[in-house]
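Hello,

Here is the structure I promised to pass on. My notes follow below it.

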Amino acid sequence: MIEFQPLTRNIGAEVTGADLSKPLAPDQTDQLRKGLLDHLVLFFRDQHISDDEHVAFANQFGTANLPPMDHGGGAIHVLDQTSPKGEGGDQWHSDNTFMTTPPMGSLLRAVMLPDVGGDTLFANMYLAYESLAPWLQRLCDDLYAEHDLTMSVTKAIDKGHPLDLREMQEKNPPVIHPVVRVHPETGRKALYVNRSSVTRLIGLSRRENEAVLPLLFDVVRDPQFQVRLKWRVGTLAFWDNRPTQHYAVADYTQRRKMHRVTINCPAEIDNGIPKGPHGTTGQDAPQEPTAARYL
């Protein structure tokens with residue numbers, strides 16, 4: 001029997017009664033999908049599974065989403081690090097929001113870990129939005145943000161990864177998403193800006209951006225919105241990328257190897273395009289004078 005043990009009042013639950021090496025029954029898949037919507041991130045312990053089993057489990061919840069920075073071509077993305085500081089994971093973010101259709105979620109499995117360190121934190125962005133003053137919520141409901149992969153790719157290049165920034169920029173131009181995203185399954189509003197990808201708020205001057213954007217970025221840092229996962233080899237974390245952010249603590253110097261599968265939601269549930277409180281998408285963002293971003 002699948003059961004969920006909440007780890008905090010606001011986010012995160014440990015799952016028992018599921019063997020990820022075997023196909024799930026339809027009712028088990030439904031239970032886990034509901035559990036993910038309720039708890040935002042699920043932790044499965046002692047799941048010593050193969051890459052094929054990892055992919056098969058992920059495929060029961062969606063289809064593979066291949067990030068632009070992964071040139072491996074397969075569903076498994078390997079994160080193998082010994083000096084992670086400054087590579088990008090050690091900053092609050094949602095995965096790949098610079099895409100037109102960002103991934104629904106990720107399933108990350110610990111394969112090799114340092115003796116100490118390397119925890120991951122997750123944050124509830126529903127509550128981040130709800131913590132804002134009502135007037136600020138109303139402002140955010142009508143705002144749009146530009147998301148760009150340049151910052152993430154630049155960090156990777158600075159750390160020695162062989163990526164062609166210009167080529168990736170040409171293939172992945174900046175996209176615009178609502179600042180507040182309405183979850184297509186729960187109907188709840190979540191704050192949808194992060195330091196890794198968002199460059200500016202559309203229609204606001206540079207000075208206004210300098211005042212407003214850092215405030216929105218930093219709401220995620222309140223501990224009451226967070227849960228912290230201490231990994232063990234065989235632990236798998238499954239998070240909903242739409243109402244969460246996460247932060248990989250870069251406090252280790254020994255090898256940490258993680259395998260990740262990133263997925264899109266089935267199209268009949270969610271087409272992946274972030275929608276705002278009024279049913280709008282980034283295409284509905286207001287036109288702005290070229291000078292607006294420089295004032």
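A pocket here is an open set of points on a 1 Å grid over the protein atoms alone, where a 1.4 Å probe fits, with protein on both sides within 12 Å along at least five of seven lines. Lining residues have an atom within 4 Å of a point. Volume is the space filled by probe spheres set on the points.

The model is predicted: local features need pLDDT of at least 70, side-chain atom pairs count only at pLDDT 80 or more, and totals for chains, interfaces and linings use all residues. Residues are numbered from 1 along each chain as its sequence is written, and side-chain values use heavy atoms, without hydrogens and water.

**Pocket.** The second largest pocket holds about 160 Å³ of space. It has 13 lining residues, and Thr-199, Arg-200, Arg-206, Asn-209 and Leu-213 are the closest to its centre. Helix α7 gives the largest share of the lining, 6 residues. (Helices are DSSP runs of H or I, at least four residues; strands are E, at least two.)

**Cores.** A nonpolar core joins buried (under 20% relative accessible area, 1.4 Å probe, protein chains only) Ala, Val, Leu, Ile, Met, Phe, Trp, Tyr and Cys through side-chain atoms within 4.5 Å. The largest has 42 residues. Leu-216 is among those that touch the most other members. Helix α3 (125–130) gives the most, 5 residues. A second, separate core of 23 residues includes Phe-44 and Phe-57.

**Helix α2 (51–59).** His-54, Val-55, Phe-57 and Ala-58 are buried. Seen down the axis, the directions to the C-beta atoms of its buried residues fall within an arc of 160 degrees, so they line one face.

Best wishes

Methods
Buried means under 20% relative accessible area, exposed over 50%, partly exposed in between (1.4 Å probe, protein chains only).
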